[in-house]
Structure formats: structure tokens, C-alpha cells
Amino acid sequence: MTLFKTLLGAAALATTILAGPVAAQDKPKELKIGIATFLSGPASVFGVPAKAAAEMIAEDINKKGGIGGVPVSLSFIDEGAGGEALVSNYRRLVQDEKVDVTFAAISSGSCVQLAPLAEDLKMMNFMWDCGAASILEARKYRYVFRTQANATPEMLAVLMYLLKTKPDFKTIAVVNQDYAWGRESWEIFSTALKQMKPDVKVVAELFPKFGAPDFSTEISRLMALKPDVVLTTSWGGDLDTLVRQAGQRGLLQQTSFVLGIGETSIQRLGKDLPEGIIVGARGDHWFLHPEMKNDAGFKAFNEAFKAKTGSYPIYSVYHMQQAFSALQGAYDKALKAQGGKWPSREQVIDAMAGLEFKGWGRPVTMRGEDNQGLEAQLVGVTKAAPGYDFKVLDNMMLFEPKRITNPAGTKSVDWLKTLPADFYKAVVPTFKHGG
Amino acid sequence: MDSTIAVLAILDGLSYAALVFLVSVGLSLIFGVLRIVNVAHGSLYAYGAYTAATIGLAVAKISPWLTFPALLVASVLVGVVIGGLMERFLLRPVYGREEVLQLLITFAVFMIMDNLQRLIWGVQPIFAADPVKLLPNVSVLGVNYTSYQVILLPLVALATLLGLRYFLRHTLAGAVILAVTEDREAATAIGIDARKVFLVTFMIGASLAALGGALASPTTSLVPGMGTDMIVLSFAVAATAGLGQIEGAAVTALAIGLARAFIIYIQPEFEVLVPYLIMVLVLLVRPMGLFGTSKVRKI
């Protein structure tokens, strides 16, 4: 037996030497995934549901035998810790816990910090939810990927929906949270708006403090200004408060509201969200997705998630699913390329280029040139529907990602400035709720 | 600026100032009497809000009007129970020791309460708007306001200010508190139980923070971290007024509320800056605060 083991060891050693440094490896006992998500602070409205989803998805993967036969295990770090604490926790994941891949992160601020670190550590990292386009525009990464769209197509889809459905508006005001996302999303939206409808007057640009508990003054000002459209890309408690305070005072009835990423608030707002509000979803994410709603797996996932957390999934949950699907897809592709042998990290990285994977929406394609995911966008308008104690989305449009994502090698705002005035007139399929 | 905007800004400023005053006056009172800068004050605000919403959502099933008394019940409950426990078991042992200990303890309480809050109420925003919905809207120059925000909140703030003034200046209990504040040793020598005074004052201050949160709860989303913002603003108000100054807190809250509202109409970019700009300017000219007085050292 001892001789047998020695021979086996020698054979394995010889194989390793002959195959060189990027050779296929033995299957590990487990595939360790480190996930950065918000477990504290206001953004935990995205982070905590996403963590619940990650646990569900991992359990499901393991039940089915794991990825390439290897079970996955999860470690979480809290993005809410922020700054240096987040960076050192990330290092701990990579260097001490020796995870095989990381999903980081939700906040663009976290991604700006962690993406270069992941690259330095040669750690495959999926930016699974952060939206700032600039991260992948400023530098070419090998190890860092974004498994969903960036803010440019997300905002462009919302603007195109507005222009298609309310083409005659003359004035607009914005109320966004005063931090990177609030500012960047307005820059994208307003730049594209100038190209497609230059006669629209911006009557107020309001950036209340992030986490502001009260928007009374902003609402008074908007009620006095009477803009045709009010855009907000706020989220979480800020958006809920703004919508409710505006509703209580009749502003929602006076002007057309556009909630750029309002999908996550729909269930919480319940009856306080009126009909006729335009809502974006940071991707084609909606638990009643018109092309997916009859898919048995999708329905089962949504119901299981609701049973576990009390709510239907929101976009951060679907983004988490996309990260897992991308990982599964990359390993499957690399395994196939290696004839079934367990691939090295470099081989998995190579498999990411051009990979097409499917979460719970239309397929997402990884663009090889800049590691940017091309993801469809769903925008709709709120409507009351029997069977739900909150509004659902109606007249949903699904936007093709290739058309509305800036090409690799271009900067978002520069590209937006080249768009023709009739860009929004492109034909986009529309779906009725329940249709 | 036309007169319409001025009127709207005054109304907006008033309702904002009312809430800010309610929270900061509790901080000021506690500092004035106990000489403690309570970092956990924002947590008491948050717990007041969450408790009011929890009780409110439960009693609304019986009658939505019960949500009004629920606001008061929640404030007293939080102030007496949490405030009482904090003072009795955490702060009392460190009176007379280095002030940094009090800061560290209240900071630790703030961190613990913040985490407990997430465990108890979760991370999803909670909203309990019944009290706002029950009261009618009022229209001013074509702009709708909720009477909850422009009438009820300023009235409660005014009643609190007058009530506190009366309590401290015209009642025996108030006189006892003032005596302990002025000279603890002398007060103790004439038979006043200073420890009891500290406990009761801390409970009142904590209840005021919780009342601020409870009154804010029908208008805003209750989210993790909501207490943090409020504590920073309360410190700004209390420092600008002069720590321990109750009337000063009212005037400063009003100044900050109005300045903030006007700046949103004129130059919204500076909204966040305004309270702190006022604080810096005031402290540059009067380092002891608007209403603070410099004291002669006893020794």
C-alpha cells in the first residue's frame, strides 16, 4: 500500500512538472467564495436580501453536486465597515481564508477600493452589483469582472422609456442622494437628455444629504416650481421617505415621477406608491419578468425566497444569482476546455471572456475587451393589480444591452454626447402585466 | 426671492426646527445637569422612533387614533427603561472619574444599541404614517402641507420648551435639579439626593430624544443608522447654543431650520453645510456658544 501511494505521488508530481505552471489541478474539496455585501448601514436593504439569496443559491448548487462536482462554501464580509476595515477584511478573505473567488461589491466606492486590490492579489473578483461605469473604463483588468450592466445603460433605458411614453414634457427636476451614485446617475441622464431633447429645462437640481430623514423643503420647492417630470435615482429609506412625503402632500399627483432604481422599494411602499410612476430596475429584474414569469425554476426561486425572507426578490438578489451563474458558467467552460480536469484560476479567468450566462433574466454576455457585462434593462410603470398589496409593473419595456451600453474603450459621458436625437425612438418590445 | 418662497421656507424651517429642537434639548439638559456628553443620544432617538412605530402599528388595528398616544408612550418607555438602565448601571459608577470614560461608555452603548436595533427590527425600512394621514393637509399659497408637520410638530416643540422652563423654574423638583446643577456638594449637604436627581434628569433627557424619534417616525423611513445623523446634528445645535442651554437650543434649532430651508430654495448645494457653518461662525465669535456663559474656576 505504501509503495502504491509513493508511486501515485510520484506520478502526480511528474504530471504537474510536465504540465507546467498553468496545468489543470486536482479537484479541491470545496470552492470557496468570499462575498462582500452590506450587512449594516442603510445599504443593507440590498445587502441582507442578497446574502440570503447567496445562501439559497449555494445550497441549491451543492444539492446538485456543486460546481464541476465541487461543493461551494461562502464567507461574507460587511461592506458597511467601509474604508480600511473593508480592505483588510478583503485581504483576510484572500490571504488567510484562501478563497477561490470573490464577489465584491455593492457600493461603487467599495469596488473602486477593492478592484485594484483584487488585481494585485490576482484574485478573480466579480463586481456583482456596483454600477460606476468609470471603474472598468479607467483601467484594463484581467481579474476583475462586472457581472451586470453599469450605470450608463441603466439610466439610458429609464430616459428612453420616459421619452417614449411622455414625449412632450418641457421641464424636469432631480432629487438625488448627495453621493457618487446620485451625482453620476444624474450626469448620465442629463447628458443623454440634452442630446435627445435639448429644449427641456432643468428647473431644480436637488441633492439632499444621503440618509436625509426629511424632504419637506425639497417637496415644497417642487410643488411651487411645478416641473412636468421629477427624476430620482434615490433608493432605500431615502426613496421610501421621499415618495411617501411627496404622496402625503399631493406632489406625486401633480407631477410625473420617475424612480430610476425604484424596483427595490415597490413592495415596501405598498399602497403609498400610486399608479403611473415610471420605475427602473438596474437590469431586467422583476419577479414577474414578462419573459420569465412562466419559467418553473424562476417561479420556484421567487417563492422560496419569499418564504425565507418575507418578500419577493429585488434586483440585488438577481445580481447575486448572476454572479453565481457567471462563476458556474466560467468553470463549466474551463472544465470543458480542460477535458474535464479541474482548471487553474488563470484558465477560469480565460473562460470569462465572451462568456454568456443566464441568471433570472435575459442572458448576460461578458464583453472580453473590458470585462463589462452586457445586461438587458427592464423599465415599467406602476399599476394596481389584483392579488398584490403593492403596485406591479405594467407596460414593461426590455432594452437590448448592446445598443444602450457604451462600447468598450469609450468613456460613458463622451459616448452619450455622440448619441443622435432620435436614439430613443429605437423599437423596443413592450409587455403588459400578466400579458 | 419673492414673498411666496419666503413663506414656504419659513413653514419648512419651522417643522424641521421643531424636530431638531426636541432631540437636541434632551442632549443639552443632560449635559447641563450631569455634565455628560451622551453619544448614545442618537440611539435613543432611533429607539423612540422604532418603538413608536411598533406600538403604533399594533394599536392601529384597534383604532388609528391610538397611534397618537402611542408616540408618547413609546417616548416615556424608551426614556425611562433604557435611559434609566444606562444612568444607573453604566454612568453612575464613573461620575467624578475622567470624562473620557463617559464618552467611551456612551459610545459603546451607541454601538451596542445600533447592533441590537438591527437584530430587533431588521434592516428593511419601516414606515408607520398613520398619525400624518389622520390629520388633514393645509394649503398655503397653493402648496400642500401636512398639518402634522407644520402645526403639530411646532406646537409640541413649543409646549416642550415652555413645559421645561416651567418645570425647572417654578416647581420644587425643578429647583432641586437646578440646585444640584449649581453645586452638587451643597445640595447634597442640605439633604437632596443628587443620585436620584441625576437619574430622573437622564430619564427626562432620554425621553426627549425618544420623543423626537417618535414624532419623526410617522414622516420618515426608519432605517439602520438613522440615529447617527441625528446625533451629529444635535451636537451641532447644542454646541452652537452653548451646552446646557435650553432656550438656546430652541433659538439655535430655529436658526438652523430656517437657514436650511432658505438655502434649499436659494442654493441647495449648501444644504448639508448650513448647520455646521452656523456652528463654526458662532463658536469662532463666542466659543462658549450663543447662550453659554464662561464660568469662574472654583479652585
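In strand 7 of chain A, A:Leu206 is the bridge partner of A:Val175, a detail taken from a predicted model in which local features need pLDDT of at least 70, side-chain atom pairs count only at pLDDT 80 or more, and totals for chains, interfaces and linings use all residues. Residues are numbered from 1 along each chain as its sequence is written, while chains are lettered from A and ligands numbered from 1 in the order in which they are written.

Strand 7 runs parallel to strand 6 (residues 171-175) of chain A, and five bridges join the two; strands here are DSSP runs of E with at least two residues, helices are runs of H or I with at least four, and both are numbered from the N terminus. Two strands count as paired if DSSP finds at least two bridges between them. In chain A, an open sheet of eight strands with mixed pairing follows the order 7-6-8-9-10-14-15-16. Its edge strands are strand 7 (201-206) and strand 16 (430-431) of chain A, each of which pairs on one side only. Across strand 6, strand 7 and strand 8 (229-232) of chain A lies helix 8 (residues 216-225) of chain A, which runs at about 170° to strand 7, where axes are lines fitted to C-alpha atoms, for helices over the stretch in contact, and angles run from 0 to 180 degrees between N-to-C directions.

On a wider view, the domain assignment of chain A gives domain 1 (27-149 + 295-370) and domain 2 (152-281 + 376-431), such bounds coming from an automatic or database assignment. The centres of these two domains of chain A, taken over C-alpha atoms, are separated by 28 Å. Their contact takes 20 residues from domain 1 and 21 residues from domain 2 of chain A, residues being in contact if their C-beta atoms, placed from the backbone, lie within 7 Å. On the side of domain 1 that touches domain 2, helix 2 (44-63) and helix 4 (108-120) of chain A each supply at least two residues.

Between the chains, the contact takes 34 residues from chain B and 31 residues from chain A. Helix 1 of chain B gives the most to the side of chain B that touches chain A, with six residues.

As for confidence, the mean pLDDT (the predictor's confidence in each residue, from 0 to 100) of chain A is 92, and 94% of its residues reach 70 or more. Over residues 10-23 of chain A, however, pLDDT stays under 50, and the model has six contacts beyond four places in sequence for them. Where pLDDT is low, the predicted coordinates should not be read in detail.

Notes: Contact = placed C-beta atoms within 7 Å.
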